[in-house]
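Let's take a walk through this structure together, one region at a time. Have the sequence and the 3D view at hand as you read.

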Amino acid sequence: MQAVQVHELGGPSALRLVELPEPEPGPDQVVIEVHAAGVTFPDLLLSRGEYQIKPELPFVPGSEVAGVVRSAPPGAAVRPGDRVAAFCGLGGFAEVAAAPLEAVFPLPAQVSLATGAALPMNTFTVHFALTRRGRLRAGETVLVHGAAGGVGTAAVQLASALGATVIAVASSDEKRQAAKEVGAQHVIAPDNFLAETRELTGGRGVAMVVDPVGGDRFTDSLRALSVEGRLLVLGFTGGEIPTVKMNRLLLNNIDVVGVGWGAFWTRQPGYLQQQWAELAPLVADGRIAPPLGRRFPLHETREALMQLEHRQAIGQVLVEPR
Ligand SMILES: NC(=O)c1ccc[n+]([C@@H]2O[C@H](COP(=O)([O-])OP(=O)(O)OC[C@H]3O[C@@H](n4cnc5c(N)ncnc54)[C@H](OP(=O)(O)O)[C@@H]3O)[C@@H](O)[C@H]2O)c1
């Protein structure tokens, strides 16, 4: 099969298209013919050796896929021929991938494989973030940074579906339009987001900030919270990992909440399928439908990753091996 490998930790430009044997499934693994693979920020970090997981070289990146089941363990709920989405962690930028059975999700008939490939990483992360870590309640107001990106669009869409009002922060008109299309009631630019958030909330601030960006907007994000507000820390695309002055937390009765989806579900057997039981109806009726960005053939995986590297991605970028 054809696959894209990282041979050296040189970022997207060091990726190579190679011929490899198809993956041999372990005892609890499902083998999937990959039709689409989602391109995520962790794939970019992995290609540079900057992610918390450091696989041995060479490796095939690609953490989420959708396609058709080739083989499944005996007694599994999915069978050869089923259309599924899956979180494979690694190995997704290939014609065939293997994923653990617990991370394979049968797709409703009306949901395309392209949409399916956009679900596992960002939608599941955001579901964990908003519901479990952030305890979001209907009627609350949520501010989302990086709102046109993969995590951002998922957060805007799910928060809206759960009955929140969403203020989306994004850096260009095109990105703000994308955030609006997935359900943001208000869209603002990063430069002056604190003052605009205060104005939009009548001075009260927001109940929750979803932050995949970090960097120098962090302190203003804390200032944007209302009493008992929660700032969810998801990532640091802005570069710098911020620090917190603890007095801000006690003076304003606010929480900074870490969100590490992978670190959670890998220690909680059954959690992913619990998440899918809640998400599948929203996906089936279209309330969760990640906006799809640019789509690339397998041999252009490096260009796909560069979209994220150069801050150009809008919605979910995909690689389509077939
Ligand atoms: N904690 C978890 O469990 C978990 C799970 C999945 C992903 N993540 C993390 O979440 C973060 C976002 O991932 P994503 O897939 O949403 O990425 P993405 O699609 O590339 O979006 C990231 C957004 O960050 C903003 N940004 C600000 N400065 C940037 C810079 N220098 N370079 C690139 N983007 C910049 C951009 O928005 P503007 O241009 O509008 O500012 C961009 O749209 C990553 O750090 C990823 O590792 C965490």
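## A tour of the fold

Arg48 is partly exposed, with a relative accessible area of 28%. Please keep in mind from the outset that this is a predicted model. Arg48 is a good place to begin, as its side chain meets that of Glu309 in a salt bridge (3.5 Å, N to O). The two partners come from distant parts of the chain: Arg48 sits in helix 1 (residues 41-48) and Glu309 in helix 11 (residues 301-309), 261 residues apart. Glu309 also counts as partly exposed, at 30% relative accessibility.

How many salt bridges does a search of the whole structure find? There are 11 of them. Another one joins the side chains of Arg295 and Glu320, at 3.0 Å from N to O. Arg295 belongs to strand 14 (residues 292-297) and Glu320 to strand 15 (residues 316-320), so this pair ties together parts that are 25 residues apart in sequence. Both ends can be seen in part from outside: Arg295 is partly exposed at 44% relative accessibility, and Glu320 is partly exposed with a relative accessible area of 25%. Elsewhere, Glu22, Glu33 and Arg70 are linked in a network of salt bridges.

Now step back to the domains. The domain assignment divides the chain into domain 1 (2-119 + 290-320) and domain 2 (122-262). Their centres, taken over C-alpha atoms, are separated by 27 Å. Domain 1 brings 13 residues to the contact and domain 2 brings 15 residues. The area buried between domain 1 and domain 2 is about 1,100 Å², with carbon and sulfur atoms giving 60% of it. On the side of domain 1, Leu119, Arg311 and Ile314 lose the most area to domain 2, and together they account for 42% of what that side buries.

What kinds of pairing appear at this interface? Between domain 1 and domain 2 the count of salt bridges is 0, while 4 residue pairs are found in polar contact across the interface. By class, the side of domain 1 that touches domain 2 has 9 nonpolar, 2 polar and 2 charged residues.

Arg311, one of the residues just named for domain 1, deserves another look. Its place is in the loop between helix 11 and strand 15, and it has a positive phi of about 60° although it is not a glycine. At 56% relative accessibility, Arg311 counts as exposed. His310 lies in that loop between helix 11 and strand 15 as well, and is partly exposed with a relative accessible area of 46%. From His310 to Arg132 there are 178 residues in sequence and 32 Å in space, C-alpha to C-alpha.

Let's move on to helix 3, which spans residues 120-133. Is this helix largely enclosed or open? Of its 14 residues, 11 are buried, so helix 3 is largely enclosed by the rest of the structure. The buried residues include Pro120, Met121, Phe124, Val126, His127, Phe128 and Leu130. Just after helix 3, Arg135 takes a positive phi of about 50°.

Arg135 also leads us to Glu140, which touches Arg135, Ala164, Thr165, Ala207 and Arg230, leaving aside residues up to four places away in sequence. Glu140 is found in the loop between helix 3 and strand 8 (141-144). Is Glu140 buried or exposed? With a relative accessible area of 10%, Glu140 is buried, because it falls under the 20% cut-off. Its side chain meets that of Arg137 in a salt bridge (3.0 Å, N to O), and the two side chains are also in polar contact at 3.0 Å.

Two local backbone features round off the tour. A cis peptide bond joins Leu57 and Pro58, with omega at about -15°. Pro58 is placed in the loop between helix 1 and strand 4 (64-71). Glu228, for its part, is placed in strand 12 (residues 225-233). Glu228 has a positive phi of about 65° although it is not a glycine, and at 59% relative accessibility Glu228 counts as exposed.

Technical notes. Residues are numbered from 1 along each chain as its sequence is written. This is a predicted model: local features need pLDDT of at least 70, side-chain atom pairs count only at pLDDT 80 or more; totals for chains, interfaces and linings use all residues. Side-chain values use heavy atoms; hydrogens and water are left out. Helices (H or I, at least four residues) and strands (E, at least two) are DSSP runs, numbered from the N terminus. Buried means under 20% relative accessible area, exposed over 50%, partly exposed in between (1.4 Å probe, protein chains only). A polar contact is a pair of N or O atoms within 3.5 Å; within protein, one must be able to donate a hydrogen and the other to accept it, and residues adjacent in sequence count only if both atoms are side-chain atoms. Contact means heavy atoms within 4.5 Å. Domain bounds come from an automatic or database domain assignment. Buried area is the accessible area (1.4 Å probe) that two parts lose on being put together, summed over both. A salt bridge is a side-chain nitrogen of Lys or Arg within 4 Å of a carboxyl oxygen of Asp or Glu. Ala, Val, Leu, Ile, Met, Phe, Trp, Tyr, Cys and Pro count as nonpolar, Asp, Glu, Lys and Arg as charged, and the others, Gly among them, as polar.
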